[in-house]
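This report describes a single protein chain, from its charges and overall form to one helix and its cysteines. The sequence and the structure are shown below.

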Amino acid sequence: MQAWQVHQNGEPSEAMRLEEVQQPTPGDGQVLLKVRAANINFPDVLMCRGHYQVRPPLPFTPGVEICGETEDGRRVIANPALPYGGFAEYAVADAAGLLPAPEALDDAETAALHIGYQTGWFGLHRRAHLEAGETLLVHAAAGGVGSAAVQLGKAAGATVIGVVGGADKAAVARELGCDVVIDRRTEDVVAAVKEATGGRGADVIYDPVGGDAYTQSTKVVAFEGRIVVVGFASGTIPSPSLNHALVKNYSILGLHWGLYATKNPKLILHCHQQLTDLAARGVIKPLVSERVPLGGAAAAVQRVADGVTTGRVVIVPSLEDTSLENGAAA
């Protein structure tokens, strides 16, 4: 079968090579899945670089989120068991972690439902306890993680302010349902949020960016507001000033969604049921901006790394042509 392999850490476009490899053999409690679609997540970028908290042994195949097909033909959502990730024709996954694919979503949308939307649901509801009528501020609102939070915030009855970088991404954020869109490249984010909220600030702030975005968040968080720290796509991990949190009376909430798989897996199933219902009602729908063949995976992962994509970029092996990318060996 064909699979993308990382033999040496580096930028995705350089580290990933498409190769002909043996089909993986499932271990105890695992199943073999045909990959129908594989969503690209930022952790895939970090794993290529060797900067993620999980460091699979080299060589490995990236791809932590897929819509797969079981041997009996069922469509499922799975997080592949590394080093046999989803950027391949076949992957392996723990049988206990399989979730049924929502009938309302196609393969690419299904592949993009799990990590981003579960993270959003846990962040907004489990950690921040977002309530109807509150104001939610989402950084990188047109991105994969941010777009999910925008839709979930609207579904919860919140007023959503989206911060984006560039006019194209601003248009996407409006289409997603943001009530207010702020282009950080042309506007003063702090001033714009204060203007939009009458000086009150945002009740909940969803931050997958870190760096300057976190600093802005501390300046616009409302009384008894909650800042949910989801990730550091900017590459800069901020150091919170706890005296500032004390004086302004706000909370800083960390979210490591992956921990729930071991600490409280029943919550993941409950969340999936909630998301499936929202998808069936048409309230949420993953924004898939690109569907690319398997041969285009490395370039697509690099685009995600460079921050030039909107929504989700999904690899669909059935779209594959016979060409190999970047001189990869067959």
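How many positive and negative side chains does the chain have, and how far apart do the centres of the two sets lie?

## Charge and surface

The model is predicted. Its chain carries 35 negative and 26 positive side chains, and 6 Å separates the centres of the two sets.

The exposed surface of the chain amounts to about 14,500 Å². Carbon and sulfur atoms supply 49% of that area.

## Overall fold

Twelve helices and 15 strands make up the secondary structure of the chain. The C-alpha atoms fill a box of roughly 60 × 35 × 35 Å along the principal axes. The radius of gyration is 20 Å, which agrees with the value near 20 Å for a compact globule of 330 residues.

Of the 330 residues in the chain, 54% are buried. Counting contacts between residues at least 6 apart in sequence, 67% join residues at least 24 apart.

## Helix α4 and His125

Helix α4 spans residues 114-127 and contains His125. The helix is mostly covered, with eleven of its 14 residues buried. Among them are the aromatic residues Tyr117, Trp121 and Phe122, as well as His114, Ile115 and Leu124. The glycines Gly116, Gly120 and Gly123 are also buried. After α4 comes His129, which has a positive phi, near 50°.

Is His125 buried or partly exposed? His125 has a relative accessible area of 26% and is therefore partly exposed, since the buried class requires a value under 20%. Leaving aside residues up to four places away in sequence, His125 touches Gly120, Leu130 and Ala156. The C-alpha atoms of His125 and Gly153 are 9.5 Å apart, although 28 residues separate the two in sequence.

## Cysteines

How many disulfides does the structure hold? The structure holds zero disulfides. For Cys67, the nearest cysteine sulfur is that of Cys271, 17 Å away. Cys67 is in no disulfide because a pair of cysteine sulfur atoms must lie within 2.5 Å to count as one.

Cys67 and Cys178 can also be described by their accessibility. Cys67 has a relative accessible area of 0% and is buried. Cys178 has a relative accessible area of 10%. Cys178 is therefore buried as well, given that the cut-off is under 20%.

Terms used. Residues are numbered from 1 along each chain as its sequence is written. This is a predicted model: local features need pLDDT of at least 70, side-chain atom pairs count only at pLDDT 80 or more; totals for chains, interfaces and linings use all residues. Side-chain values use heavy atoms; hydrogens and water are left out. Buried means under 20% relative accessible area, exposed over 50%, partly exposed in between (1.4 Å probe, protein chains only). Helices (H or I, at least four residues) and strands (E, at least two) are DSSP runs, numbered from the N terminus. The radius of gyration is taken over C-alpha atoms; the globule rule is 2.2 Å times the number of residues to the power 0.38. Contact means heavy atoms within 4.5 Å. Accessible areas come from the Shrake-Rupley method with a 1.4 Å probe; for residues, only the protein chains shown count as cover. Lys and Arg count as positive and Asp and Glu as negative; His and the chain ends are not counted. The place of a charge is taken as NZ of Lys, CZ of Arg, CG of Asp or CD of Glu.
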